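Me: Please take one strand of this model and go through it closely. I would like its pairing, its burial and its place in the nonpolar packing.

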Amino acid sequence: MPTHLKNKFSLVILLLTSTILLSACDSNNNNDGDGVDTTPEPAPEPATLEFEVSVVNATSAQPFSPVAVIVHTSDYSLFEIGEPSTTELEVLAEGGDNADLIAAAEAADAVLTTVSAEGPTGPGATENLSLSISEDDLPGLSVSVVSMLVNSNDAITAVRGMSLEGMEIGDIQTAVSISYDTGTEANSEAAGTIPGPADGGEGFNADRDDIADIVTGHAGVLTKDNGLSSSILSEVHRWDHPVAYISVMRVQ
Ligand SMILES: [Ca+2]
Ligand SMILES: [Ca+2]
């Protein structure tokens, strides 16, 4: 081969070798040969959903004890109609203290989170409480809400298991909430037995002296103005209709 051709041939070999080496280097860039970088992206953080729970006290003279909100799956229930109350619900229903109920809920596998109002909610007032829930936890989740009518022996209002699934931003669900008798204390209305401002009497008592030791719809109160002379209550403490509006709105 003439010298000038030999030099040209060497140059071609050198260029080819360089191209192969560069190609080899490129294979470390995960472009699969199609120019698209396939390096795995870090998984996105799950979105945080925000809900607001509102409780409107629709009574004339029954302050609500600090509202308790529990977010849970279908394996949790505040109570069952016709079944005995738990002791922690009895404590709430007779004295307005939700600490035991919240603690028991927090210890349950089926409960994701709880929130408590910081104080009572007066007649005509509204309590608003915020909930933050990871989007990944939403499937199967419901919210339950409970509070005592404090000028009573053991009356509560509650919503049990309002589903959060499928709620879009701006969606609102509202329950017209009735009252329940927890069946853990006789409805004597007697002085010394009612913890609210109408009496300032006893709260929780472990005795169960009600007509039946089961949770039922509440029959309301009689009061001294309606013939029960031993009652510490007057007609303003009565109710014969639903006692609360309980709403859940998704805000984020
Ligand atoms: Ca009762
Ligand atoms: Ca009791």
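Reply: Two strands count as paired if DSSP finds at least two bridges between them; strands (E, at least two residues) and helices (H or I, at least four) are DSSP runs, numbered from the N terminus. This is a predicted model, in which local features need pLDDT of at least 70 and side-chain atom pairs count only at pLDDT 80 or more, while totals for chains, interfaces and linings use all residues. Residues are numbered from 1 along each chain as its sequence is written, and chains are lettered from A and ligands numbered from 1 in the order in which they are written.

The strand chosen is β5, residues 142-148. On one side β5 pairs with β2 (residues 68-72) in the antiparallel sense over five bridges, with Ala68 opposite Val146. β5 is also joined to β6 (residues 155-163), again antiparallel, by six bridges; here Met148 stands opposite Ile156. A hairpin of six residues links β5 to β6.

Seven of the seven residues of β5 are buried, meaning that 20 or more other C-beta atoms, placed from the backbone, lie within 10 Å of the residue's own. In a regular strand the side chains alternate between the two faces of the sheet. Ser142, Ser144, Val146 and Met148 point one way, and Val143, Val145 and Ser147 the other.

β5 gives two or more residues to the largest nonpolar core, a core being a set of buried Ala, Val, Leu, Ile, Met, Phe, Trp, Tyr and Cys residues joined through C-beta atoms within 7 Å. That core has 40 residues, and Val145 and Met148 are among those with the most contacts inside it. With contact taken as C-beta atoms, placed from the backbone, within 7 Å, Val145 touches Val53, Val55, Val67, Val69, Ala158, Val159 and Ile246, not counting residues up to four places away in sequence.

Technical notes: A residue is buried if 20 or more other C-beta atoms lie within 10 Å of its own, exposed if 12 or fewer, and partly exposed in between; C-beta atoms are placed from the backbone. Two residues are in contact if their C-beta atoms, placed from the backbone, lie within 7 Å.
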